[in-house]
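Some words used for protein structures rest on cut-offs. The turns after the display ask what stands behind such words.

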Amino acid sequence: MSGLFIKMVSFIFELKKVLYEVEKEKDVTIKSIEVMLDHIHLFIEFEPRLLLHKIIKDFKGRSSRVLREKFPQLKSDLI
């Protein structure tokens, strides 16, 4: 296996781990996750008292922060 493939698998594993952590904290259920090269599809279930934009903010904010810490090359790839 190539180094790039192993990095991608590691990245996807860490991403899913972070998303499931947020799921537990925010009382949300992830029904399905599809990870593409440049975006993610999440199918989630949540109580109507919760606000969708805040749930999305929590998923995006936490995953961005954690993944940039674990994969510093992401910062240089975006510039």
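Q: Why is lysine 70 called partly exposed?
A: The model is a predicted one, and in it lysine 70 has a relative accessibility of 42%. Buried means under 20% and exposed means over 50%, with partly exposed in between. The value of 42% falls between these cut-offs, so lysine 70 counts as partly exposed.

Q: What makes the contact of glutamate 14 and lysine 70 a salt bridge?
A: A salt bridge needs a side-chain nitrogen of Lys or Arg within 4 Å of a carboxyl oxygen of Asp or Glu. The side chains of glutamate 14 and lysine 70 meet at 2.8 Å, N to O. That value is within 4 Å, so the pair is a salt bridge.

Q: What parts of the chain does the pair of glutamate 14 and lysine 70 link?
A: Glutamate 14 is in helix α1 and lysine 70 is in helix α2. The two residues are 56 residues apart, and the pair links distant parts of the chain.

Q: Why is glutamate 14 called buried?
A: Its relative accessible area is 12%. The cut-off for buried is under 20%, so glutamate 14 is buried. Leaving out residues up to four places away in sequence, glutamate 14 touches Leu67, Lys70 and Phe71.

Q: How do you know that glutamate 14 and lysine 17 also form a salt bridge?
A: The N to O value for their side chains is 3.8 Å. The limit is 4 Å, and 3.8 Å is within it, so this pair counts as a salt bridge. Both residues lie in helix α1, three residues apart, which is about one turn of the helix. An α-helix has 3.6 residues a turn, so residues three or four places apart point the same way.

Q: Which residues are linked with glutamate 14 in a network of salt bridges?
A: Lys17 and Lys70 are linked with Glu14 in such a network. A search of the whole structure finds six salt bridges.

Q: Is lysine 17 buried, partly exposed or exposed, and why?
A: Lysine 17 has 35% relative accessibility. Partly exposed lies between under 20% and over 50%, so lysine 17 counts as partly exposed. In space, lysine 17 and serine 63 are 9.2 Å apart, C-alpha to C-alpha, and they are 46 residues apart in sequence.

Q: What makes glutamate 25 and arginine 62 a salt bridge, and what does the pair tie together?
A: The closest N and O atoms of glutamate 25 and arginine 62 are 2.5 Å apart. This is within 4 Å, so the pair is a salt bridge. Glutamate 25 lies in helix α1 and arginine 62 in helix α2, so the pair ties together parts that are 37 residues apart in sequence.

Q: How do you know that the span of α1 is close to the expected one?
A: Helix α1 has 24 residues and reaches 35 Å from its first C-alpha to its last. At 1.5 Å a residue, 34 Å is expected, and the span is close to that.

Q: Which residues of α1 are buried, and what do they pack against?
A: The buried residues of α1 are Glu14, Leu15, Val18, Leu19, Val22 and Glu23. They pack against β1, β2 and α2.

Q: Why is the pair of phenylalanine 11 and phenylalanine 71 called edge-to-face?
A: The structure holds one aromatic pair. In this pair, phenylalanine 11 and phenylalanine 71 are 5.3 Å apart, centre to centre, with 70° between the planes. Rings pair if their centres lie within 6.5 Å, and planes over 60 degrees apart count as edge-to-face. Both values meet these cut-offs, so the pair is edge-to-face. Phenylalanine 11 lies in helix α1 and phenylalanine 71 in the loop between α2 and α3, so the pair ties together parts that are 60 residues apart in sequence.

Q: Why is phenylalanine 71 called buried, and why is phenylalanine 11 called partly exposed?
A: Phenylalanine 71 has 9% relative accessibility, which is under 20%, so it counts as buried. Phenylalanine 11 has 21%, which is not under 20% and not over 50%, so it counts as partly exposed.

Note on methods. Residues are numbered from 1 along each chain as its sequence is written. This is a predicted model: local features need pLDDT of at least 70, side-chain atom pairs count only at pLDDT 80 or more; totals for chains, interfaces and linings use all residues. Side-chain values use heavy atoms; hydrogens and water are left out. Rings of Phe, Tyr and Trp (its six-membered ring) pair if their centres lie within 6.5 Å; planes under 30 degrees apart count as stacked, over 60 as edge-to-face and the rest as tilted. Helices (H or I, at least four residues) and strands (E, at least two) are DSSP runs, numbered from the N terminus. Buried means under 20% relative accessible area, exposed over 50%, partly exposed in between (1.4 Å probe, protein chains only). The expected span of a helix is 1.5 Å times one less than its number of residues. Contact means heavy atoms within 4.5 Å.
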